[in-house]
Amino acid sequence: MKVNSVNEGLLIVISGPSGVGKGTVCSRLRQKMPELTYSISATTRAPREGEMDGVSYFFKTVPEFKKMIEEDQLIEWAQYVGNYYGTPRRFVENTLASGQDIVLEIEVQGAMQVKEKFPQGVFIFLVPPSFEELRQRIINRGTETEALLNKRLEAASDELNQIKNYNYVVINDEVDKACECIRAIVMAEHCRTDRLKLSDQNS
Ligand SMILES: Nc1ncnc2c1ncn2[C@@H]1O[C@H](COP(=O)(O)OP(=O)(O)OP(=O)(O)O)[C@@H](O)[C@H]1O
Ligand SMILES: Nc1nc2c(ncn2[C@@H]2O[C@H](COP(=O)(O)O)[C@@H](O)[C@H]2O)c(=O)[nH]1
């Protein structure tokens with residue numbers, strides 16, 4: 001019995017409202033699951049203290065970003081709280097084609113665009129233990145003005161309504177627990193795709 005030779009990696013989208021802890025969970029996942037590859041997004045937002053170009057994001061001017069859109073260099077893009085964010089296409093496609101799994105940490109509008117193009121992807125929504133905890137996390141992070149904090153919280157209410165469009169929901173009450181849930185999801189998805197490949201092979 002041979003497993004299908006078409007052996008693309010999994011495209012894993014981790015999404016959820018601002019401040020829920022996507023970045024924190026993904027950086028812990030990098031330690032716990034070094035076998036996963038992580039996409040680096042492009043953005044027009046200004047770098048925060050400690051963020052490096054090409055590591056945290058590819059920081060772009062608005063004309064540079066618009067050129068990327070025109071040249072179809074992005075799998076998805078969205079305007080979020082006054083800035084553009086998008087996922088560079090080539091790196092994602094090359095990673096999947098080489099059989100490696102890739103993680104996209106993106107907001108909801110972009111995640112839904114990815115779902116249109118890659119319905120076979122694994123869509124995970126991170127939720128906070130409560131809306132008040134979400135607010136506190138953004139305040140404690142200390143990166144937003146009050147006006148931007150309110151915009152992010154407004155966006156969060158809409159984003160939480162999109163849960164139904166995701167395959168999995170993970171509560172980020174503790175970072176390690178959230179990572180273990182994601183590890184379990186990835187393992188289960190590998191078993192599922194192996195089963196599909198074997199059924200195709202033997203039908
Ligand atoms: N499980 C957790 N318990 C307590 N605090 C947490 C937890 N996860 C993340 N945080 C804290 O919450 C704040 C927001 O986390 P983080 O920046 O990772 O969120 P995010 O979802 O990536 O936000 P954004 O979408 O705005 O980039 C950070 O200060 C982080 O340390
Ligand atoms: N649609 C996309 N959203 C993205 C991408 N990269 C990051 N993000 C999301 O934007 C918000 C704000 O991020 P911040 O770094 O300014 O706090 C957050 O939800 C990120 O997950 C992307 O490529 N496309």
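For sorting the residues around a ligand, Ala, Val, Leu, Ile, Met, Phe, Trp, Tyr, Cys and Pro count as nonpolar, Asp, Glu, Lys and Arg as charged, and the others, Gly among them, as polar. Keep that in your pocket for the two ligand shells below.

First, a word on trust. What you have here is a predicted model. The protein averages a pLDDT of 93, and 97% of the residues score at least 70. For the model as a whole, ipTM comes out at 0.97 and pTM at 0.93. The weak spot is residues 1–5, where pLDDT stays under 50. The model does have 10 contacts beyond four places in sequence for that stretch. Still, where pLDDT is low, the predicted coordinates should not be read in detail.

Now go to ligand 1. Its shell holds 14 residues, and the closest are S18, G21, G23, T24 and R137. Two helices, α1 (22–32) and α5 (131–141), each supply at least two residues of that shell. By character, the shell around ligand 1 splits into two nonpolar, seven polar and five charged residues.

The UniProt record has something to say about this part of the chain. An unreviewed entry there puts the feature "binding site" at G16, P17, S18, G19, V20, G21, K22 and G23. Let's pick two of these, V20 and K22, and look at their surroundings.

V20 sits in the loop between β1 (11–15) and α1. Is V20 buried or exposed? It's buried, because 27 other C-beta atoms lie within 10 Å, and 20 or more is what it takes to count as buried. Setting aside neighbours within four places in sequence, V20 touches L126, V127, P128, L134 and N172.

K22, for its part, belongs to helix α1. K22 has 20 other C-beta atoms within 10 Å, so it counts as buried too, given that the cut-off is 20 or more. Beyond four places in sequence, the contacts of K22 are I14, G16, E105 and L126. So L126 turns up in the contact list of V20 and again in that of K22.

Finally, swing over to ligand 2. Of the 15 residues around ligand 2, those that come nearest are S41, Y85, I106, E107 and G110. Two or more residues of this shell come from each of β5 (74–80), β6 (83–88) and α4 (108–117). And here's where the opening definition comes back: the shell around ligand 2 divides into four nonpolar, six polar and five charged residues. Y85, one of the nearest, goes in the nonpolar group, because Tyr is counted there.

Terms used
Residues numbered from 1 in each chain as written. Chains lettered and ligands numbered in written order. Predicted model: local features only at pLDDT ≥ 70, side-chain atom pairs only at ≥ 80, totals over all residues. pLDDT = per-residue confidence, 0-100. Contact = placed C-beta atoms within 7 Å. Near = placed C-beta within 6 Å. Helix = DSSP H or I, 4+ residues; strand = E, 2+ residues; numbered from the N terminus. UniProt positions renumbered as here; feature names shortened; annotations may be inferred. Buried ≥ 20, exposed ≤ 12 C-beta atoms within 10 Å, placed from the backbone.
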